[in-house]
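This report covers how certain helices pack against each other and how one of them sits in the fold.

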Amino acid sequence: MTDNADGTAQEPGRAGEIRQAREIVGPFDGFKRPRFTEPTTFARLPRIDQVEHADIAILGVPFDGGTSYRPGARFGPGHVRASSKLIRQYHPPLDVYPFQNWQVADAGDLGIGPYSIVDALAVIEGAADELIADGTTVLAIGGDHTIALPLLRSTVKKHGPVAVLHFDAHLDTWDSYFGADYTHGTPFRRASEEGLIDLERSLHVGIRGSLAGRKDLEDDAVLGFQIIHTDDFQTTSVAQIVERMRKRLGEGPVYVSIDIDVLDPAHAPGTGTPEAGGLTTRELQHALRGLVGLPVVGADVVEVAPAYDHAEITGIAAAHVVYELLALLTKNQFG
């Protein structure tokens, strides 16, 4: 770190200006080039082909073939990247520089065909396998929530069954939609059936809205999930919510899956299945910061549908959620 003439901290620059035990290539310096002129990678980071190794890869997964209502999440990765240009290097609440200690790179978008869900799942799993085998932690931007299943399949090959911490308005543990087993409403039922999740440690946060019936909740419990409802944020503090989360998650590996519709439509209008009465962006940020010290081994942020967004409200929220996850991973690794 260097200081400006007035004594304030100056953001670290690009390659060669940030050095730890090995050279880290960081984002372009926003004081030297206007952010709106810079490459459309996440947070102006280098592409994965511009670095020797990526500790964390931001992987775009532009697939929405499992969507049941409003389509368009296939355009989510690009929208989130465009909304991330104002993200800076220092995260004050966690007192970390997410791009300084670990090499973070943008892995671009997967070339997924839009017609076959089964083929898409195989492409996603294969790409995640390659990254994880190279020692890279995958932080995916969707795409619809169907993509969580292949990402979990890949994660479990390395870490074994994981606790799934699932932020969403919806359970996503239904059995099928219109005869289809693989949709954005079924990934965690399939994951439970395949033995991918730890049945004693998994948790939904932010669930709300109408259901087909009480059986939805009964089936969900059998599949291994407990629930923190959105209403719980009204009656208790976020600190108490975090305490409940940590108690349930325990000490083993955790996979974090975030459907942007966990936020109220006022905070995230650009999504496929909006539900009134959701979390604020600030509540979600504080809940994620409460995971410090837990072994988070992978994550996704999904269901951003830019055609329904206004003034980048949803894109900005999702970009900052990704940044929270990056800060969390860095804090957990380097303190």
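In this predicted model, helix H2 (residues 117–133) packs against helix H3 (residues 148–159) at an angle of about 35°, and their axes are 8 Å apart. The crossing of H2 past H3 is right-handed. H2 contributes Leu121, Ile124, Glu125, Ala128, Asp129 and Ile132 to the contact, and H3 contributes Leu149, Pro150, Leu151, Arg153, Ser154, Thr155, Lys157 and Lys158. By class, the residues of the H2 contact with H3 are 7 nonpolar, 2 polar and 5 charged.

A second pair is formed by helix H7 (residues 238–249) and helix H8 (residues 281–289), whose axes come within 9 Å and cross at roughly 45°. H7 is therefore oblique to H8. The crossing of H7 and H8 is right-handed. Val238, Val242 and Met245 of H7 meet Glu283, His286 and Ala287 of H8.

| Helix pair | Nonpolar residues | Polar residues | Charged residues |
|---|---|---|---|
| H2 and H3 | 7 | 2 | 5 |
| H7 and H8 | 4 | 1 | 1 |

H3 can be described further. The 12 residues of H3 should span 16 Å at 1.5 Å a residue, and this agrees with its end C-alpha atoms, which are 16 Å apart. Because 9 of these 12 residues are buried, H3 is largely enclosed by the rest of the structure. The buried residues are Ala148, Leu149, Pro150, Leu151, Leu152, Arg153, Ser154, Thr155 and Val156. Their cover includes H2, helix H4 (187–193) and the strands E5 (137–142), E6 (163–167), E9 (254–259) and E10 (296–302). After H3 comes Gly160, with a positive phi near 75°.

Note on methods
Residues are numbered from 1 along each chain as its sequence is written. This is a predicted model: local features need pLDDT of at least 70, side-chain atom pairs count only at pLDDT 80 or more; totals for chains, interfaces and linings use all residues. Side-chain values use heavy atoms; hydrogens and water are left out. Axes are lines fitted to C-alpha atoms, for helices over the stretch in contact, and angles run from 0 to 180 degrees between N-to-C directions. Helices (H or I, at least four residues) and strands (E, at least two) are DSSP runs, numbered from the N terminus. A crossing is left-handed if the near helix is turned anticlockwise from the far one by less than a right angle, and right-handed if clockwise. Contact means heavy atoms within 4.5 Å. Ala, Val, Leu, Ile, Met, Phe, Trp, Tyr, Cys and Pro count as nonpolar, Asp, Glu, Lys and Arg as charged, and the others, Gly among them, as polar. Angles under 35 degrees count as roughly parallel, over 145 as roughly antiparallel, 65 to 115 as roughly perpendicular and the rest as oblique. The expected span of a helix is 1.5 Å times one less than its number of residues. Buried means under 20% relative accessible area, exposed over 50%, partly exposed in between (1.4 Å probe, protein chains only).
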